Amino acid sequence: MSGPTVEDAIADYDRAAAVLAPRYASLGAERFIRRHADILPAPPGPVLDVGAGSGVHAAGLAERGYRVVAVEPSAGMRAEAARLFPDAPVEWVDDRLPDLAAVRARDERFAFILVNAVWMHVPPADRDRACAALGELAAPGAAVSMALRQGPSPADRPMHDCDPDRVSAEMARHGFEEIARSTHDADQATPGVTFVRLNFRRATLDR
């Protein structure tokens, strides 16, 4: 398999966690929650944050009464999240895409799933499995929000390209309908980098 693996990405975040986590956490969760007001379920959810990183979104949702399960495979990022948000009532799980095996073993479905700036770390050959895992974890009618990074990779953290149309088609094969698409500048104003956010709705009945 060409290009960086998920394990490569985890190692990169472990090395950079002390720098990256505070930077991401400083952005807060207010804007994210406002953007999703029309698709967030009523508390308590439940909510799954896949690749929760610094914990900023997981903590923000938990503070608003959601029951949040946060998946993060980087031990360094989990440690930083615990330091940054020590009182947030978030359940952290060491798990990873494409299979999310530990979360799937819980036999639980979620009303809202966040996959924020994570897909670029999943090799294209593994994305069908990743979509299938999300399909298994999403409750009927659940919303999924996915932010796809567009632009050059950092020199020290190589990433895979994410074509929004292709991702949307892959998700559709697993029962998700795209309901909204928007483009935003990178929060860190990284030159040449934007994010395309795709919002999906899970089919009410399994196909």
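Is L84 buried, partly exposed or exposed? In this predicted model, where local features need pLDDT of at least 70, side-chain atom pairs count only at pLDDT 80 or more, and totals for chains, interfaces and linings use all residues, the residue turns out to be partly exposed, with a relative accessible area of 26%. Buried here means under 20% relative accessible area, exposed means over 50%, and partly exposed lies in between, with a 1.4 Å probe and protein chains only. Residues are numbered from 1 along each chain as its sequence is written, and side-chain values use heavy atoms, with hydrogens and water left out.

L84 sits in helix α4. Helices (H or I, at least four residues) and strands (E, at least two) are DSSP runs, numbered from the N terminus. Setting aside neighbours within four places in sequence, L84 is in contact (heavy atoms within 4.5 Å) with A21, P22, A25 and S54. P154, on the other hand, is 70 residues away along the chain, and 24 Å separates the C-alpha atoms of the two.

Now for helix α1, which covers residues 6-25. A straight helix of 20 residues would span 28 Å at 1.5 Å a residue, yet α1 manages only 22 Å between its end C-alpha atoms. The expected span is 1.5 Å times one less than the number of residues. There is also a kink in α1, of about 80° and centred on A17; the bend at a residue is the angle between axes fitted to the seven residues ending there and the seven starting there. A17 itself is buried, and the other buried residues of α1 are V6, A9, I10, D12, Y13, A16, L20, A21 and A25. An α-helix has 3.6 residues a turn, so residues three or four places apart point the same way. Among the elements that cover the buried residues of α1 are α3 and α4.

Those two helices also belong to the strand arrangement. Strand β1 (residues 47-50) pairs with β2 in the parallel sense over four bridges, where pairing requires that DSSP finds at least two bridges between two strands. Within that pair, V47 stands opposite V68, and the bridge partner of D49 is A70. Helix α3 (residues 56-63) joins in, and β1, α3 and β2 make a right-handed β-α-β unit. Right-handed means that, with the strands pointing away from the viewer, the path from the first strand over the helix to the second runs clockwise.

On to the next strand: β2 and β3 (residues 90-93) run parallel and are joined by four bridges. A70 turns up again here, with W92 as its bridge partner in β3. Helix α4 (residues 75-84) completes another right-handed β-α-β unit, made with β2 and β3. Strand β1 has a further parallel partner in β4 (residues 110-116), again through four bridges, and V47 stands opposite F112 there.

Both faces of β1 are covered, with V47 and D49 on one side, L48 and V50 on the other, and all of them buried. Strand β2 (residues 68-71) can be described in much the same terms: V68 and A70 point one way, V69 and V71 the other way, and all are buried.

Three arginines round off the picture. R197 has its place in strand β7 and counts as buried at 9% relative accessibility. Its side chain makes a polar contact with the side chain of N116 at 2.6 Å. A polar contact is a pair of N or O atoms within 3.5 Å; within protein, one must be able to donate a hydrogen and the other to accept it, and residues adjacent in sequence count only if both atoms are side-chain atoms. Not counting residues up to four places away in sequence, R197 touches several others, including F32, H36, L114 and M146.

R202 is in strand β7 too, which covers residues 194-202, and is buried, with a relative accessible area of 8%. Beyond its neighbours within four places in sequence, the contacts of R202 include G135, P140, H174 and F176. R149 lies in strand β5 (residues 138-150) and is buried, with a relative accessible area of 11%. The side chain of R149 reaches the backbone oxygen of P152 at 2.6 Å. R149 and D185 are 36 residues apart in sequence, and their C-alpha atoms are 9.9 Å apart in space.
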